Amino acid sequence: MLLLFLLLCLISIGITIDIRYPDLAYLDDSKNITAIPDYNTQQSFLDHQINLQQDEQGYGDQTITPWFNLHRFSNLICWGFVVDIGIIAARYGKIMRYRMDFHGALMTLLFIPSLFAEIGMIFTQPPYEEEQQIDTPHDIIGYTFIGLMTLQVLTGICIRMGIETIVIINSLKLRSMIHVYGGHFIYLLAKAQIGLGIYIMYEQNKGWIIAFWVIYFFIFFWRFLLEILYLNGKLYEYMCLQDRSIRLDASEQLKTFNIQDKDINTDDLLKTEYQGKLWVVFNNSIVDLTGLTHPGGNFIWIACQGREVSRFLYGAYGLEESSIQPYQHSKYAFKWIELNTIGYIHEIPFYWLQNQIISQSSITEYDSKWTLKSSNRLTDAVSQFIFTNDKFQVRTLLNFHSFGRYFIVRSIESRDTPPRPYTMILCSATSNIKFRQDLEKYVQDCLGSNPDPQQLEFVEQTNEFSLIIKKYQTPNGFSQYIHGHLNEEYVIKGPYGTSFGIPEDANIVIICGGTGLFPFLDLLDYFYRMTVNQLLIEKVSQQAADKANVNKYKFRTSLKLTLLLAIQGPEDLIMGDIILNMQKHQEQLRSPFFTMHVKSNKPIPGLQTVKDRFEQEFFAKVLNPISQYNRFLICGPPIMNRNVPNALRQMGVNKGFIHLV
């Protein structure tokens, strides 16, 4: 835009100084060329027709029609000056809740007088003779402008209707881009047209032309300055602060919800507190979308209502309900999120400093730097990354309210690599892996009547932090970057988001594919420990079970879990010891509370796999009756995230029971 503004100024000034129109001619009735009478000025075709009519009727200047005056003054005022207000509102006013309405209404009001003026001039001037042509730049640009502007207004109305609808329109973004760039072209065309018109009208009065260009220069100077401030983010930040100071009273405090269970937050607290509002969760912020318009269509708001949306904003995933590709949102989108925050989800205790728990919000950007110490390849594409931080330690203790939460990881060295959210997987910590190994040995000793089983110990704090990340072939993607950059520093913030929100007596179904298993590993580890606890109670004693429960968990024994997992083969069964050992122990329980069905293209030792696709027919067979389940957690590739919820809804599952993770 900056280059276009400068180019327009140079072109228009050059036209004013150098352009010279050849004398126009017209044909009389005998088809002989006759020179236009000398009016001591260079005229456009329309001006010449007006003068001809004036001479024939003897009225002189008194015969200039109101349509011509409307044409002159409406175009000068509307497209010379007022149009910039509409452009500024659309481009810079992104925090305005009704900016699109304002822009559309103003541009339509500017277009109407121009259209009527052109129509009036066409029908009130003498008809063109057989071989006369409209061949001046002013005429050609004028009629081109009116045609394009008509198309632009109609296109804008269609786009606005598409944005307002809740029907998915995958081509809406493309249409909007065409409308935006078409608007830029028409804007420049209008400016050039005004410059030509001023030159034609006031060529003999240089003072008017100089005054006009002084005003034009003033307009372009402020547009240029606003563009610089906009690109630097200063203008947006200032507008955000001004808007927030107006909308949020200084005495008003944003509410913090201290209950960690998502089911309680969304179903009881949040829905009650924000009844009638359209809201989402981003990181730990509750964001109000009420009255706002998404440029990609308001169906996006409906699809995201009540959900955690960081994955979409960071460009990690596209919306499941459409074919829209993942999109890394700009810094202005995150500022907009901050501006419209109306509450917070309380943080969970995770960080330790000198044996005291500290909150994530108290940790500075500098202290959030973690060094990537090592990586362990789990498959050809998946690796476990171990980060260290000498300033504080993190908890490795499984917490029922931490399941499903995530961290934001960003490279310090590469600013061009976008940050990404990654699921918290505490069970992958070195201390947890060792504890499961010791726990298995303890169970075997107890079941084997060993009078002196190994004493169990658990390390609750460590300065190591583990993430499991799959390498995707995304250009300039974070997963590609981190797989090739060890011993670098990364900023890690979190944990964010809400937990799975599992009720006390939930009958859970997890449907996942590939790396979609990762968000559920901690929950599966919890069920594994609950399985061991129940097994020791039934087969050995309560005392043996209490010794195994070193973390003093209060297990929710009324929970039931069914796992439906789709993978390529045994190499994709990450942290497979959890599932395999749990399945083995469940077979010894009087009342098993865990079952699973694994779809694999290759056989997996110790598991009976299936070949069925995860579709409605398969669900009807393994989840019968489906009405007994009250929580469905889904995570997998886009096609699974799109098709599975549709199949469940067709089977009569309550929409509120279905959660995309």
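This briefing describes the strands, sheet, nonpolar cores and salt bridges of the structure above, which is a predicted model. Among its elements are an open sheet of six strands with parallel pairing and, in another part of the sequence, strands β4, β5 and β6, where β5 pairs in the antiparallel sense with β4 and with β6. The largest nonpolar core has 83 residues, and the count of salt bridges comes to 11.

**The six-stranded parallel sheet**

- The strands of the open sheet follow the order β20-β19-β18-β17-β21-β22, and its edges are formed by β20 and by β22 (658-660), each of which pairs on one side only.
- Strand β17 (residues 507-513) runs parallel to β18, to which it is joined by seven bridges, and it also pairs in the parallel sense with strand β21 (residues 631-635), over five bridges.
- Cys-512 has bridge partners in both of these neighbouring strands, namely Leu-565 in β18 and Cys-635 in β21.
- β18 pairs with β19 in the parallel sense over seven bridges, and within this pairing Leu-564 stands opposite His-597 of β19.
- Because seven of the eight residues of β18 are buried, this strand is largely enclosed by the rest of the structure.

**Helices packed on the sheet**

- A right-handed β-α-β unit is made by β18, α17 and β19, in which α17 lies across both strands and runs at about 130° to β19.
- Helix α19 (residues 638-650) also packs on the sheet, where it touches β17, β18, β21 and β22, and its direction makes about 160° with that of β21.

**The antiparallel strands β4, β5 and β6**

- Strand β4 (residues 279-282) and β5 pair in the antiparallel sense over four bridges, and Val-280 has Val-287 of β5 as its bridge partner.
- These two strands form a hairpin with two residues between them, and Asn-283 in the turn has a positive phi of about 55°.
- On β5 (residues 285-288), Ser-285 and Val-287 point one way while Ile-286 and Asp-288 point the other way, and all of them are buried.
- Strand β6 (residues 341-345) pairs with β5 in the antiparallel sense over three bridges, with Gly-343 of β6 as the bridge partner of Ile-286.

**Nonpolar cores**

- Within the core of 83 residues, those with the most contacts are Phe-387, Phe-465, Ile-510, Leu-523, Leu-524, Phe-527 and Leu-563.
- Helix α15 (residues 521-539) supplies the largest share of this core, 10 residues.
- Apart from this core lies another, of 29 residues, which includes Trp-79, Leu-188, Leu-189 and Phe-212.
- Leaving aside residues up to four places away in sequence, Leu-563 touches Ile-510, Cys-512, Leu-524, Ile-579, Phe-594, Thr-595, Met-596 and His-597.

**Salt bridges**

- Asp-525 forms a salt bridge with Arg-529, in which the closest N and O atoms are 3.7 Å apart, and because the two residues are four residues apart in helix α15 they are separated by about one helical turn.
- Both partners in this bridge are buried, Asp-525 with a relative accessible area of 0% and Arg-529 at 4% relative accessibility.
- The side chains of Glu-571 and Lys-602 meet in a salt bridge at 3.5 Å, N to O. Glu-571 lies in the loop between β18 (560-567) and α17 (576-586), and Lys-602 in the loop between β19 (594-600) and β20 (609-610), so the pair ties together parts that are 31 residues apart in sequence.
- Glu-571 is partly exposed, with a relative accessible area of 36%, and Lys-602 likewise counts as partly exposed, at 42% relative accessibility.
- A further salt bridge is formed by the side chains of Asp-612 and Lys-621 (3.2 Å, N to O), where Asp-612 is partly exposed, with a relative accessible area of 29%, whereas Lys-621 is exposed, with a relative accessible area of 54%.
- Through salt bridges that share partners, Arg-436, Asp-525, Arg-529 and Asp-577 are joined into one network.

Methods:
Residues are numbered from 1 along each chain as its sequence is written. This is a predicted model: local features need pLDDT of at least 70, side-chain atom pairs count only at pLDDT 80 or more; totals for chains, interfaces and linings use all residues. Side-chain values use heavy atoms; hydrogens and water are left out. Buried means under 20% relative accessible area, exposed over 50%, partly exposed in between (1.4 Å probe, protein chains only). Two strands pair if DSSP finds at least two bridges between them. A nonpolar core is a set of buried Ala, Val, Leu, Ile, Met, Phe, Trp, Tyr and Cys residues joined through side-chain atoms within 4.5 Å. Contact means heavy atoms within 4.5 Å. A salt bridge is a side-chain nitrogen of Lys or Arg within 4 Å of a carboxyl oxygen of Asp or Glu. Axes are lines fitted to C-alpha atoms, for helices over the stretch in contact, and angles run from 0 to 180 degrees between N-to-C directions. A crossover is right-handed if, with the strands pointing away from the viewer, the path from the first strand over the helix to the second runs clockwise.
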